[in-house]
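This report describes one protein model, moving from a single residue to the helix packing, the charged pairs and the overall chain.

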Amino acid sequence: MREFFRTRHLWGDLRKAVAFGLSAQQRTGRHFLWLTVTNKGAQLVNDAALDILGVRPEQLSNAWPGDPKVNASKIYVQPGLMVRLTRNLDKELSLIHISE
């Protein structure tokens, strides 16, 4: 696994790593995909990205509710933000459905 992710592993401050990912996406015109192991980790990345992009807390109060099965936070959508939805189809087999 380390061999596969060699130079694609960001260390250090999460906010700086998220800013790097957003910058790389804008610079290349290609999606920058984050792989996280837990829903909590994904939420930390999402929160940092929204903050960097200037989404204010009061804007989040009008967002749609997230999946209550995993205690997900609200889903915020605005033009220009990429949305990636995932759903665990079979956790034992690690099958996940992804939509963009």
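Is Leu14 buried, partly exposed or exposed, judged by its relative accessibility? The model is a predicted one, and in it Leu14 has a relative accessibility of 32%, so this residue counts as partly exposed.

**Leu14 and the packing of α2 on α3**

Leu14 is part of helix α2. When neighbours within four places in sequence are set aside, the contacts of Leu14 are with Leu44 and Val45. The C-alpha atoms of Leu14 and Ala48 are 7.7 Å apart in space, although 34 residues separate the two in sequence.

These residues belong to a broader list of contacts between two helices. On the α2 side, Leu14, Arg15, Val18, Ala19 and Leu22 take part, and they meet Leu44, Val45, Ala48, Ala49, Asp51 and Ile52 of α3. How do the axes of the two helices cross, and at roughly what angle? The axes of α2 and α3 come within 9 Å and cross at roughly 65°. Angles of 65 to 115 degrees count as roughly perpendicular, and α2 and α3 are therefore described as roughly perpendicular to each other. The crossing of α2 past α3 is right-handed.

**Salt bridges**

How many salt bridges does a search of the whole structure find? The search returns two, and both are set out below.

| Acidic residue | Basic residue | N to O distance |
|---|---|---|
| Asp51 | Arg15 | 2.5 Å |
| Glu58 | Arg56 | 2.7 Å |

The side chains of Asp51 and Arg15 meet in a salt bridge at 2.5 Å, N to O. Because Asp51 lies in helix α3 (residues 39-52) and Arg15 in helix α2 (residues 14-28), this pair ties together parts that are 36 residues apart in sequence. Asp51 and Arg15 also appear in the list of residues through which α2 and α3 meet. Asp51 is partly exposed, with a relative accessibility of 44%. Arg15 is likewise partly exposed, at 41%.

In the other salt bridge, the closest N and O atoms of Glu58 and Arg56 are 2.7 Å apart. Glu58 has a relative accessible area of 46% and is partly exposed. Arg56 is also partly exposed, at 46% relative accessibility.

**Side chains that approach backbone nitrogens**

Arg56 has a further polar neighbour, since its backbone nitrogen is placed 2.6 Å from a polar atom of the Gln59 side chain. Gln59 itself is located in helix α4 (residues 57-60). Beyond its neighbours within four places in sequence, Gln59 is in contact with Gly54, Tyr76 and Gln78.

Which backbone nitrogen lies 2.9 Å from a polar atom of the Gln25 side chain? The nitrogen is that of Phe32. Gln25 lies in helix α2, and its relative accessibility of 24% makes it partly exposed. Without its neighbours within four places in sequence, the contacts of Gln25 are Arg30, His31, Phe32 and Met82. Phe32 thus appears both as a contact of Gln25 and as the owner of the backbone nitrogen described above.

**Lys40 in α3**

Helix α3 also holds Lys40. Is this residue buried or exposed? At 64% relative accessibility, Lys40 counts as exposed, because exposed means over 50%. The C-alpha atoms of Lys40 and Val70 are separated by 9.2 Å, and the two residues are 30 residues apart along the chain.

**The chain as a whole**

The protein chain contains four helices and two strands. In sequence order, these elements follow the pattern α-α-α-α-β-β. The chain has 100 residues, of which 15% are buried. Among contacts with a separation of 6 or more, 31% are between residues 24 or more positions apart.

Notes. Residues numbered from 1 in each chain as written. Predicted model: local features only at pLDDT ≥ 70, side-chain atom pairs only at ≥ 80, totals over all residues. Heavy atoms only, no water. Salt bridge = Lys/Arg side-chain N within 4 Å of Asp/Glu carboxyl O. Buried < 20%, exposed > 50% of the residue type's maximum accessible area, 1.4 Å probe, protein only. Polar contact = N/O pair within 3.5 Å; in protein donor to acceptor, adjacent residues only side chain to side chain. Contact = heavy atoms within 4.5 Å. Axes fitted to C-alpha atoms, helices over the stretch in contact; angles between N-to-C directions. Parallel < 35°, antiparallel > 145°, perpendicular 65-115°, else oblique. Left-handed = near helix turned anticlockwise from the far one by under 90°.
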